[in-house]
Amino acid sequence: MSAPVVIVGTGLAGYNLAREFRKLDGDTPLLLITADDGRSYSKPMLSTGFAKNKDAEGLSMAEPGAMADQLKAEIRTHTRISGIDPGHRQLWIGEEAVPYRDLILAWGAEVIRVPVEGDAPDAIFSVNDLEDYGRFRAAAAGKSRVLLLGAGLIGCEFANDLSLAGYQIDLVAPCEQVMPALLHPAAAGAVQAGLESLGVRFHLGPLLTRLNRVADGLQAHLSDGSVIACDLVLSAVGLRPRIDLAAAAGLAVNRGVMVDRQLRTSHANIYALGDCAEVDGLNLLYVMPLMSCARALAQTLAGTPTAVSYGAMPVTVKTPVCPLVVSPPPLGTQGEWTVQGSGSDIKALCHDASGALLGYALTGAAVQEKLALNKQLPALLA
Ligand SMILES: Cc1cc2nc3c(=O)[nH]c(=O)nc-3n(C[C@H](O)[C@H](O)[C@H](O)COP(=O)(O)OP(=O)(O)OC[C@H]3O[C@@H](n4cnc5c(N)ncnc54)[C@H](O)[C@@H]3O)c2cc1C
């Protein structure tokens, strides 16, 4: 039998690519390999699951067996690839060599862990897949106080979701505003005020330095000397694209595994998409870009080399207490911000010197303007 197309990873990137490929090619052997349990799920649902009272089972959309039937593929679960040998077109799972026709890296990004002293590091959780979510949910059952680390998009979404589910949230982050990399300060202020109205207590500036077990839970010591009582800690301080195995195999890496517009790495027959991929200089850790990549790469794998293009990629942030849509100005562009509105309804627009719209942040009622504004936004990869 000829060597299969091998996809490493069964997240949204891996499974969507397999679906798109099967629409074009029903015959080529297809092998998916995943370090996790291979259930199909939508990762964005992980930060709205508590308010909807959904456990991991409730968020799972299909078991790997059903996915294998649907995709006419072999799926190896709980299997971690340990190396790639591009010269011999094979990958390694420990001692086992697996040949490939084409290899697609869809192995995502890993959570950044912050060093914390003390005797309770096991009480620090992070949620980056369905199994993480199941572990965190089990640990949070019967508890009431969660310390959240990180004021980025995911930290804010969890603050909203866990508050709606009745948890008392203290949010600690070493920055001056929420989502500093994404948001104009006016929009950040609206989101923070919304979360505060749910009871979220913000501690912006300090870091968590030590976590100790005490009789009635945990004691979190911050770098500014303050101490917070909590029952468990959820860390959402950021994600780092997985590049180590690619670098060890000699593939070009930067922030992510570097690929061109056809999703080709620096080595023939090896491609990448999703959170691990840096596509023509852009490493976007969102669903919309990976869907565009999956459609283009499926064409290439089926014999029609196809370049991906990205339109504007606005992100809807799941903070229902203060609805938020954001489209940051493309990297390297220069613009001026103007802000209209007040309170929870902020419209912050960024224009270049010629008056063209580069980006926006819309909160509250201003979110209704997103469709009209989206038409004016520049494409990210034209
Ligand atoms: C809580 C949360 C909420 C989010 N909400 C949104 C949102 O609202 N909108 C949006 O656009 N984006 C959102 N995102 C981001 C979006 O979900 C991700 O960009 C996307 O799911 C990434 O998919 P992926 O397939 O690239 O990676 P992953 O889903 O991380 O999949 C990686 C796969 O690779 C496997 N793997 C890793 N290493 C190996 C190895 N060595 N061997 C074998 N297998 C391996 C893993 O087991 C897994 O199957 C959210 C992310 C999180 C964490």
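**Figure 1. Leu148 and its contacts in the predicted model.** Neighbours within four places in sequence are left aside here. Beyond them, Leu148 is in contact with Gly155, Phe158, Ala159, Ile169, Leu171, Leu234 and Ala236. Leu148 belongs to the largest nonpolar core, which holds 62 residues. Within this core, Leu148 and Val233 touch the most other members. Helix H5 (residues 153–164) gives the core its largest share, 6 residues. Another core lies apart from it, with 51 residues. Ile7, Ala18, Ala277 and Leu301 are among the members of that other core.

**Figure 2. The ligand and its shell.** The ligand is surrounded by 33 residues. Gly9, Gly11, Ala13, Gly108 and Gly274 are the closest. By type, the shell divides into 18 nonpolar, 9 polar and 6 charged residues. Helix H1 (12–24) supplies at least two shell residues, and so does helix H8 (287–301). Where does the ligand lie relative to domain 1 and domain 2? Domain 1 (5–110 + 239–301) and domain 2 (113–235) both give residues to the shell, so the ligand lies between them.

**Figure 3. Helix H1 and its packing.** The 13 residues of H1 should span 18 Å at 1.5 Å a residue. The end C-alpha atoms are 19 Å apart, which agrees. Leu12, Ala13, Gly14, Tyr15, Asn16, Leu17, Ala18, Glu20 and Phe21 are buried in H1. Strand E1 (5–8), strand E2 (30–33) and strand E3 (40–41) pack against these buried residues. Helix H3 (64–71), strand E9 (102–105) and H8 do so too. Two of the buried residues appear in other views: Ala13 is among the closest to the ligand, and Ala18 is a member of the 51-residue core.

**Figure 4. Helix H6 and its cover.** H6 has 13 residues, with an expected span of 18 Å at 1.5 Å a residue. Its end C-alpha atoms are 18 Å apart, in agreement. The buried residues of H6 are Ala187, Ala188, Ala190, Val191, Gln192, Gly194 and Leu195. Their cover includes H5, strand E14 (201–204), strand E24 (324–327), strand E26 (345–351) and strand E27 (357–363). Just after the helix, Gly199 takes a positive phi of about 105°.

**Figure 5. Ala190 in helix H6.** Ala190 sits in H6, residues 185–197. Is Ala190 buried or exposed? It has 29 other C-beta atoms within 10 Å; the cut-off for burial is 20 or more, so Ala190 is buried. Neighbours within four places in sequence aside, Ala190 is in contact with Cys322, Ser344, Ile346, Thr363 and Gly364. Ala190 and Leu362 are 172 residues apart in sequence, yet their C-alpha atoms are 9.8 Å apart in space.

**Figure 6. Domain 2 against domain 3.** The domain assignment gives domain 1 (5–110 + 239–301), domain 2 (113–235) and domain 3 (323–374). The C-alpha centres of domain 2 and domain 3 lie 28 Å apart. Their contact takes 9 residues from domain 2 and 11 residues from domain 3. On the domain 2 side, 7 are nonpolar, 2 are polar and none is charged.

**Figure 7. Positive phi at Lys72 and Arg89.** Most residues other than glycine have a negative phi. Lys72 has a positive phi of about 45°. Its place is in the loop between H3 and strand E5 (74–76). With 14 C-beta neighbours inside 10 Å, Lys72 counts as partly exposed. Arg89 also has a positive phi, near 45°. Arg89 is in the loop between strand E6 (83–85) and strand E7 (90–93). It is partly exposed, with 18 other C-beta atoms within 10 Å.

Methods. Residues numbered from 1 in each chain as written. Predicted model: local features only at pLDDT ≥ 70, side-chain atom pairs only at ≥ 80, totals over all residues. Near = placed C-beta within 6 Å. Helix = DSSP H or I, 4+ residues; strand = E, 2+ residues; numbered from the N terminus. Nonpolar A, V, L, I, M, F, W, Y, C, P; charged D, E, K, R; others polar. Domains from an automatic or database assignment. Buried ≥ 20, exposed ≤ 12 C-beta atoms within 10 Å, placed from the backbone. Contact = placed C-beta atoms within 7 Å. Core = buried A, V, L, I, M, F, W, Y, C linked by C-beta atoms within 7 Å. Expected span 1.5 Å × (residues − 1).
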